[in-house]
Amino acid sequence: MKHLIDIKDLSIEEIDNLIKVAKDIIANPEKYSHKCDGKKLATLFFEPSTRTRLSFESAMLSLGGNVLGFSEASSSSVSKGESVSDTIRVVGCYCDIIAMRHPKEGAPFVASIKSTVPIINAGDGGHNHPTQTLTDLLTIECEKNRLDNLTIGLCGDLKFGRTVHSLITAMCRYKNIKFVLISPDELKLPEYVKKGVLEKNNIEYCETKDIEEYMGDLDILYMTRVQKERFFNEADYIRLKDYYILNKNKLKKAKKDLCILHPLPRVNEISTDVDDDPRACYFRQANYGRYIRMALILKMLEVK
Ligand code: CP
């Protein structure tokens with residue numbers, strides 16, 4: 001049995017195959033509508049979510065399967081003191097696969113040790129979010145027609161933004177990828193990602209606080225929200241939350257085929273006047289999430 005805890009759990013060939021299957025699902029949805037008849041997905045969300053939980057549930061329903069689960073820890077027996085490991089052992093009796101989100105880094109890994117069914121990490125604290133990364137990869141492939149030869153700007157909360165950490169880890173495996181890391185000093189990319197992923201793989205990168213400095217070089221601009229829930233001090237959050245607000249004016253020097261991504265939810269970091277720009281791909285990105293999760297469920301349940 002295989003779990004998906006970190007994007008590195010998937011080889012580049014496996015990712016390419018998931019993207020291929022997701023594209024086929026987009027083109028031929030009816031072909032897949034009974035692939036998971038009789039199967040059950042449990043979504044255990046100990047932290048809030050809109051896209052990840054509902055796209056997983058929509059994915060399983062679109063495959064003919066069923067869903068069960070909870071959307072907050074307070075409605076589960078964890079609120080009575082039950083451990084995550086015990087919860088997972090029990091839920092494994094009721095379903096075939098589990099997608100789990102938890103505020104503590106490493107919780108899905110701990111859960112996977114005792115689980116009798118495959119576990120998918122649907123986001124663990126400020127650590128990883130592998131299925132968002134699969135969504136991002138499918139989006140880039142569909143919007144840019146390639147996953148190599150890209151200059152990617154990552155902007156905002158690079159410290160706590162788990163989607164950024166997973167995306168860097170994944171993109172480092174493709175050819176000729178360069179990163180522009182755009183953040184205030186307080187929200188810079190953690191050293192463990194900089195040294196352990198970027199420098200270890202000899203990936204070219206630079207750091208700046210100015211969102212416009214390298215705008216004309218970017219193929220992808222990946223905006224992120226300042227992660228309020230990870231701050232210890234509210235005053236720091238208030239000081240930093242509106243550090244970047246992307247608007248039409250800031251896009252003046254951007255390429256005509258720039259792809260603007262955001263894992264969402266958005267707070268203030270992209271002005272709504274950007275939404276009608278054809279380069280704004282973030283709502284299409286949310287839609288791609290359902291298809292790649294369908295492909296992932298099929299793979300993890302070994303459905304042909
Ligand atoms: N992108 C993402 O993880 O969104 P949710 O928090 O709404 O699931």
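Take a polar contact to be a pair of N or O atoms within 3.5 Å; that cut-off is what we need for looking at the ligand in this predicted model. By that yardstick, Leu264 makes a good starting point: one of its backbone N or O atoms lies 3.0 Å from a nitrogen atom of the ligand. Two side chains join in on the oxygen atoms. Ser49 brings a polar side-chain atom to 2.6 Å from a ligand oxygen, and Thr52 has a side-chain N or O atom 2.7 Å from an oxygen atom of the ligand. As for how much of the ligand gets covered, the protein takes care of 92% of the 250 Å² of accessible area that the ligand has on its own.

Now step back to the whole shell. Going around the ligand, you meet Ser49, Thr50, Arg51, Thr52, Arg101, His129, Gln132, Pro263 and Leu264. Sorted by character, that's five polar residues, two charged and two nonpolar. And if you're scanning the surface for the site, head for the largest pocket, which is where the ligand sits.

Where does that put the ligand in the overall fold? The domain assignment splits the chain into domain 1, made of 7-128 + 289-300, and domain 2, covering 130-286. Their C-alpha centres are 25 Å apart, and the contact between them draws on 31 residues from domain 1 and 26 residues from domain 2. Both domains also give residues to the shell around the ligand, so the ligand lies between them.

Methods
Residues numbered from 1 in each chain as written. Predicted model: local features only at pLDDT ≥ 70, side-chain atom pairs only at ≥ 80, totals over all residues. Heavy atoms only, no water. Near = heavy atom within 4 Å. Polar contact = N/O pair within 3.5 Å; in protein donor to acceptor, adjacent residues only side chain to side chain. Areas by Shrake-Rupley, 256 points an atom, 1.4 Å probe, with all protein chains shown as cover. 1 Å grid on protein atoms, 1.4 Å probe; cavity = no way out; pocket = protein on both sides within 12 Å on 5 of 7 lines; lining within 4 Å. Sits in = over half its atoms within 2 Å of the grid points. Nonpolar A, V, L, I, M, F, W, Y, C, P; charged D, E, K, R; others polar. Domains from an automatic or database assignment. Contact = heavy atoms within 4.5 Å.
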